Amino acid sequence: MTVSSAVDLFDRLATEAADEWAAYVDHTFVQQMGRGTLPVASFRHYLVQDYLFLIHFARAYALAVYKGQSLDDMHAAFGGLKAILDVEMDLHVRLCAGWGLSAAELEWAPEAKATLAYTRYVLETGLRGDLLDLHVALAPCVVGYAEIGTRLAASPSGLAAGNPYRSWIAEYSGDTYQEVAAGARATLDRLAARGMTEQRFPQLLTTFRQACRLEADFWQMGLTCAD
C-alpha cells in the first residue's frame, strides 16, 4: 500500500532516527560555530573538505536529473544542482579567499576519509536505488544545514558582529537556502506519495540514519582536522 501524500516523510525519518539526527545537528562543531569559539583551523579544514563534498553532491544531483521520471523530477534535481554550483560553492570560494586559497587549490585538495565515505555512500545509494533512495540519502545534508542555520541564527551570538562564522550562518539561515531545503522536503513527499510503501520504509530509514552518522563524522573530521 502506497503511503498517503499527507505524510511528511522527512519529519518521520528524523523522528525515527532521533539519536542520529541529534548527534549531527547538535554536534560540538556546530555549537562552537554558533558561539564563535570554533578554532579557525577547524573551520578552514572543514570548509576545504566541504568544497570537495559539494563537487560530489553536484554529481549526485546530476544523477537525480538522469533518474527523474518526469520533468518535475528533473526540475527539482536541477534546482539542487544549481544551488550547489551557484550559491554554496561560491560562498566557500569567498571565505577561503581570505586565507589565500584559490578555487583551483580547493578543487585539487586531498579528500579526507570522512569526505570519501560520505560522498561515495550517497552516490552508491543513488546508483543502486531509485530516485527516492537518492533523495533520502541527500536529505540530511540539504535539510539539516537549513535547520542548523536557523538555530544558530536565532542564538544570541550566531549573527553577532564578533562571530567569525556569521557569514556561514547567514548563508544557511537565509531565504535562498531555506527555499532549497523546503523544496527538498517537498520532493521527498512527492516521491513518497508516488511509490513508497510501509514495507519499504525501514530500508529508507537505514539510509537516512547512515547519512546522519556520516554527517556527524564529517563535523568531527573538521573539528579534529583529520585526514
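Let's start with Val-93: setting aside neighbours within four places in sequence, Val-93 touches Tyr-51, Ala-103 and Leu-106. Keep in mind that this is a predicted model. Searching the whole structure turns up 16 salt bridges and zero disulfides.

**Around Val-93**
- You'll find Val-93 in helix 5, which covers residues 71-97.
- Val-93 counts as partly exposed because its relative accessibility is 25%.
- From C-alpha to C-alpha, Val-93 and Glu-171 are 13 Å apart in space, with their positions 78 residues apart in sequence.

**Two helices side by side**
- Two packed helices can be described by the angle between their axes and the distance between those axes.
- Here, helix 4 (residues 40-67) packs with helix 8 (residues 131-154) at an angle of about 145°, and their axes are 11 Å apart.
- That crossing of helix 4 and helix 8 is left-handed.
- On the helix 4 side, the contact residues include Tyr-46, Phe-53, Phe-57 and Tyr-61, while helix 8 brings in residues including Leu-131, His-135, Cys-141 and Tyr-145.
- Sorted by class, this contact has 13 nonpolar residues, one polar and two charged.

**Cysteines without partners**
- A disulfide is a covalent bond between the sulfur atoms of two cysteines.
- Cys-96 is in no disulfide, and the nearest cysteine sulfur, in Cys-225, is 13 Å away.
- Cys-96 is buried, with a relative accessible area of 0%.
- Why is the sulfur of Cys-141 without a bond to the closest cysteine sulfur? The sulfur in Cys-212 is 11 Å away, which is too far for a bond.
- Cys-141 is also buried, at 6% relative accessible area.

**Salt bridges to look for**
- Glu-20 and Arg-209 meet through their side chains in a salt bridge, at 3.7 Å from N to O.
- Glu-20 sits in helix 2 (residues 18-25) and Arg-209 in helix 11 (residues 201-224), so this pair ties together parts that are 189 residues apart in sequence.
- Glu-20 is buried at 18% relative accessible area, whereas Arg-209 is partly exposed at 28%.
- Arg-190 forms a salt bridge with Asp-73, and their closest N and O atoms are 2.4 Å apart.
- This pair also links distant parts of the chain: Arg-190 is in helix 10 (residues 175-195) and Asp-73 in helix 5, 117 residues apart.
- Buried or partly exposed: which is Asp-73? Asp-73 is buried, with just 1% relative accessible area, while Arg-190 is partly exposed at 29%.
- Glu-111 and Arg-120 also pair up in a salt bridge, at 2.9 Å from N to O.
- Finally, Asp-8, Asp-11 and Arg-185 are joined into one network by salt bridges that share partners.

Note on methods:
Residues numbered from 1 in each chain as written. Predicted model: local features only at pLDDT ≥ 70, side-chain atom pairs only at ≥ 80, totals over all residues. Heavy atoms only, no water. Axes fitted to C-alpha atoms, helices over the stretch in contact; angles between N-to-C directions. Helix = DSSP H or I, 4+ residues; strand = E, 2+ residues; numbered from the N terminus. Left-handed = near helix turned anticlockwise from the far one by under 90°. Contact = heavy atoms within 4.5 Å. Nonpolar A, V, L, I, M, F, W, Y, C, P; charged D, E, K, R; others polar. Buried < 20%, exposed > 50% of the residue type's maximum accessible area, 1.4 Å probe, protein only. Disulfide = S-S within 2.5 Å. Salt bridge = Lys/Arg side-chain N within 4 Å of Asp/Glu carboxyl O.
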